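Trainee: Could you take me through one buried position carefully, and then work outward from there to the other parts that can be described? I would like one connected account rather than a list.

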Amino acid sequence: MNVLEAAGIVSGYGDLEILHGVSLSVGAGEVVAIIGPNGCGKSTLMKTIFGLLTPTAGTVTFRGADITGQPPHAIVGQGLSYVPQADNTFLSLTVQENLAMGAFLRSDTIAAQSAMVYDLFPDLKDRRGTKVSALSGGQRQMVAMARALMLKPQLLMLDEPTAGLAPVFVETVFKRIAHVNAQGIAVLMVEQNARMALEHARRGYVLADGENRYTDASSALLANKEIARLYLGGDL
Ligand SMILES: Nc1ncnc2c1ncn2[C@@H]1O[C@H](COP(=O)(O)OP(=O)(O)O)[C@@H](O)[C@H]1O
Ligand SMILES: [Mg+2]
């Protein structure tokens, strides 16, 4: 069964329509990548799925229930966590305080869930008392992901988790995403780092101009010369 299904999403900002009927699905436990040029509507799609924007047409179904138009706090409570592209941590709080903020709906399970999350992000455990403002960009991205996992989501949505990171951290973030997925958590990620994202995903969607352009297994997208030329930064 699909954990997430977005069908015919039309959405944007006021009168400005950005998505003109986009559809996608994520299977239970699947890793799916969304790629496409800057400004094509990837973040807008994430925001619409998460209830930060209300679509003017189309439906969002999560674990079989229609969540279209529901507010983010209601969607989080059903098991969908989202890490936005920017400003995704509380800089003036410590790592552990950030995790506690992520668990605001389940104060009873903070200790148990922190332990689970620190197992997935061992590098954060030693820094649990450190203010996030003192961490590197890569470590902050780990904190954002760890916080999103505090509610035991079935689906984790990540908007450009490797943006602005040094190559060594990019590799680490993708490794952590694989560890998260190995817990049975489905992942839907938007990435500029398109080739690496597809290498770490089972399926991919190429968006262009607010529409679905290609949908296929990652291996097929990676092998497609036209896609490589247009969206993956060069020939194979
Ligand atoms: N808050 C906003 N108000 C108006 N237009 C916006 C807003 N956010 C994004 N846009 C516009 O929507 C389009 C798609 O943006 P976005 O979804 O962020 O693209 P992507 O994530 O694929 O780079 C762009 O043209 C962008 O300028
Ligand atoms: Mg974006």
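**A buried isoleucine and what lies beyond**

Mentor: Ile 227 counts as buried, because 21 C-beta neighbours lie inside 10 Å, where 20 or more is the cut-off for that label. Please keep in mind throughout that this is a predicted model. Ile 227 belongs to helix α10, which covers residues 225-231, and once its neighbours within four places in sequence are set aside, its contacts are Val 206, Tyr 214, Leu 221 and Leu 232. Arg 202 is 25 residues away from Ile 227 along the chain, and the C-alpha atoms of the two are separated by 17 Å.

Val 206 leads us on to a second position, since Val 206 is also among the contacts of Ile 35. Ile 35 sits in strand β3, which spans residues 31-35, and Ile 35 is buried because 27 other C-beta atoms lie within 10 Å. Apart from neighbours within four places in sequence, Ile 35 touches Glu 191, Ala 194, Ala 197, Gly 204 and Tyr 231 in addition to Val 206. For Ile 35 and Ile 185, which are 150 residues apart along the chain, the C-alpha atoms are separated by 20 Å.

From here we can turn to ligand 1, whose surrounding residues include Gly 36, along with Tyr 13, Leu 16 and Ile 18, and then Asn 38, Gly 39, Cys 40, Gly 41, Lys 42, Ser 43 and Thr 44. Two elements, β2 (16-27) and α1 (42-49), each provide at least two residues of this shell, and α1 contributes the most, with three. Sorted by class, the shell has four nonpolar residues, six polar ones and one charged one.

The last part to consider is a pair of helices, α6 (residues 137-149) and α7 (residues 167-182), which pack at an angle of about 15 degrees with their axes 10 Å apart. Angles under 35 degrees count as roughly parallel, and α6 and α7 are therefore roughly parallel to each other. Their crossing is right-handed. On the α6 side the meeting residues are Gly 137, Gly 138, Gln 141, Met 142, Met 145 and Leu 149, while α7 brings Phe 169, Thr 172, Val 173, Arg 176 and Val 180. Taken by class, this contact of α6 with α7 comprises six nonpolar, four polar and one charged residues.

Definitions and conventions. Residues are numbered from 1 along each chain as its sequence is written. Chains are lettered from A and ligands numbered from 1 in the order in which they are written. This is a predicted model: local features need pLDDT of at least 70, side-chain atom pairs count only at pLDDT 80 or more; totals for chains, interfaces and linings use all residues. A residue is near a molecule or strand if its C-beta atom, placed from the backbone, lies within 6 Å of it. Helices (H or I, at least four residues) and strands (E, at least two) are DSSP runs, numbered from the N terminus. Ala, Val, Leu, Ile, Met, Phe, Trp, Tyr, Cys and Pro count as nonpolar, Asp, Glu, Lys and Arg as charged, and the others, Gly among them, as polar. Axes are lines fitted to C-alpha atoms, for helices over the stretch in contact, and angles run from 0 to 180 degrees between N-to-C directions. Angles under 35 degrees count as roughly parallel, over 145 as roughly antiparallel, 65 to 115 as roughly perpendicular and the rest as oblique. A crossing is left-handed if the near helix is turned anticlockwise from the far one by less than a right angle, and right-handed if clockwise. Two residues are in contact if their C-beta atoms, placed from the backbone, lie within 7 Å. A residue is buried if 20 or more other C-beta atoms lie within 10 Å of its own, exposed if 12 or fewer, and partly exposed in between; C-beta atoms are placed from the backbone.
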